[in-house]
There are 2 protein chains.
Amino acid sequence: MADRKTVRGAPIKTPVGGQDGIDFSLIELFFFAYRDFTSDPDEILADYGFGRAHHRVLHFVNRRPGLTVAELLDVLKITKQSLARVLKQLIDTDHIVQLPGPRDRRQRELYPTEKGRALALALARPQSRRIHTALGDSGLGNRTSIELFLKAMVNPELRAQIDILPASPTQQRSGDDDGEH
Amino acid sequence: MADRKTVRGAPIKTPVGGQDGIDFSLIELFFFAYRDFTSDPDEILADYGFGRAHHRVLHFVNRRPGLTVAELLDVLKITKQSLARVLKQLIDTDHIVQLPGPRDRRQRELYPTEKGRALALALARPQSRRIHTALGDSGLGNRTSIELFLKAMVNPELRAQIDILPASPTQQRSGDDDGEH
DNA sequence: AAAATACGTCAATAATGCTGACATATTTTT
DNA sequence: AAAAATATGTCAGCATTATTGACGTATTTT
């Protein structure tokens, strides 16, 4: 027997780096960045007894008022049972209202209330600030490059869906007017 | 009556955009990008009966072989109870081994095995490819801008932690001896 | 010897996802 | 008009990943 159990358990002591042509550095930066990116709204949501799932629903209902349940499921890529709980809570707490579809009355069009709009804005504010501060700090300046990059990160099939969404605040800010830095 | 219940449930039909100075577009692009970014390894992990939590542990153990349980908890920002299960599975399946700390024998230094190293590389490969394809497609070219941006997205307190990690693939670092030997 | 530390583990709970099954209202097809 | 398909809601059960609290054990520090 050259080996009993194929050299079971031999510890490797060298760190992985770029030797293998794999960019571990950016991979983990993306992980850290996303984690902190979501931490701001998470804190606010906790005050309402809501979670990240509520945020996503609230976000897309505010982005595309009047979307149907089926459309929302398609965007979020979750099942209707998963959506049911969070949507019900958002409706019960008067953040979202349902209206029967005008053409097809089986459908439920989802709209934010003023309360829902306000919460969506409150949740998005720190995220937007974080992004734009990071753009400034990193010297990327305007949002164009990042928009292209992030869009390129998305699976091609999904990009169409994204393009449906309302226009970007393209460059209504030339010099980052929120004077945060 | 000006309002019975503060205009309860009045549906808002206008989409949120940049009017409020908030960049909803980039916020949701970040969401979509991260979702697809994690979907590649998720598929591979499913074959092993593993989840995203296993991936993260495997990643950091490969990045910093010999880190202790406490250090891993600190990086991941989870509790030891959360870690326990996934770590146990990774050890039982011979992806990770534990060695008693040389100075302090209470500590467990975590190392990847060859198997664990191979899996970490397999998981990272599609992610690295996605990132670099996106960099090319978006015209950002080299990874420098994105690295700066993502690092700027991370909470300042955490950036120190990140800098400990091994070098990036493009330029091997000059100084920064991995003095741990 | 006592206290603190590093780690493991048991138990209970929560948030978010899943599948399957079935009900109800409405629209489309036959 | 009857049957089939569709959009949604809901019940029931389950998995994963996280949480907190409590306790045990080995080891180091005081």
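Start with DNA strand C: α4(B) makes up the largest share of the surface near this strand, with four residues. "Near" here means that a residue's C-beta atom, placed from the backbone, lies within 6 Å of the strand. Helices are DSSP runs (H or I, at least four residues), numbered from the N terminus. Keep in mind that this is a predicted model, where local features need pLDDT of at least 70, side-chain atom pairs count only at pLDDT 80 or more, and totals for chains, interfaces and linings use all residues. Residues are numbered from 1 along each chain as its sequence is written, while chains are lettered from A and ligands numbered from 1 in the order in which they are written.

**Around DNA strand C**
- There are 24 residues around this strand, and A:Gly51, A:Ala53, A:Gln81, A:Ser82 and B:Ala70 come nearest.
- Two or more residues each come from α2 (52–63) and α4 of chain A, and from α3 (69–76) and α4 of chain B.

**Around DNA strand D**
- Here 22 residues surround the strand, with A:Ala70, B:Gly51, B:Ala53, B:Gln81 and B:Ser82 the closest.
- α4(A) gives the most to this surface, four residues.

**How the two copies fit together**
- A turn of 180° and a shift of 0.0 Å along the axis lay chain B on chain A with an RMSD of 0.1 Å (least squares on the C-alpha atoms of residues with pLDDT of at least 70 in both).
- The two copies are thus related as by a two-fold rotation axis.
- In chain B, B:Tyr34 has the C-alpha nearest the axis, 3.7 Å from it.
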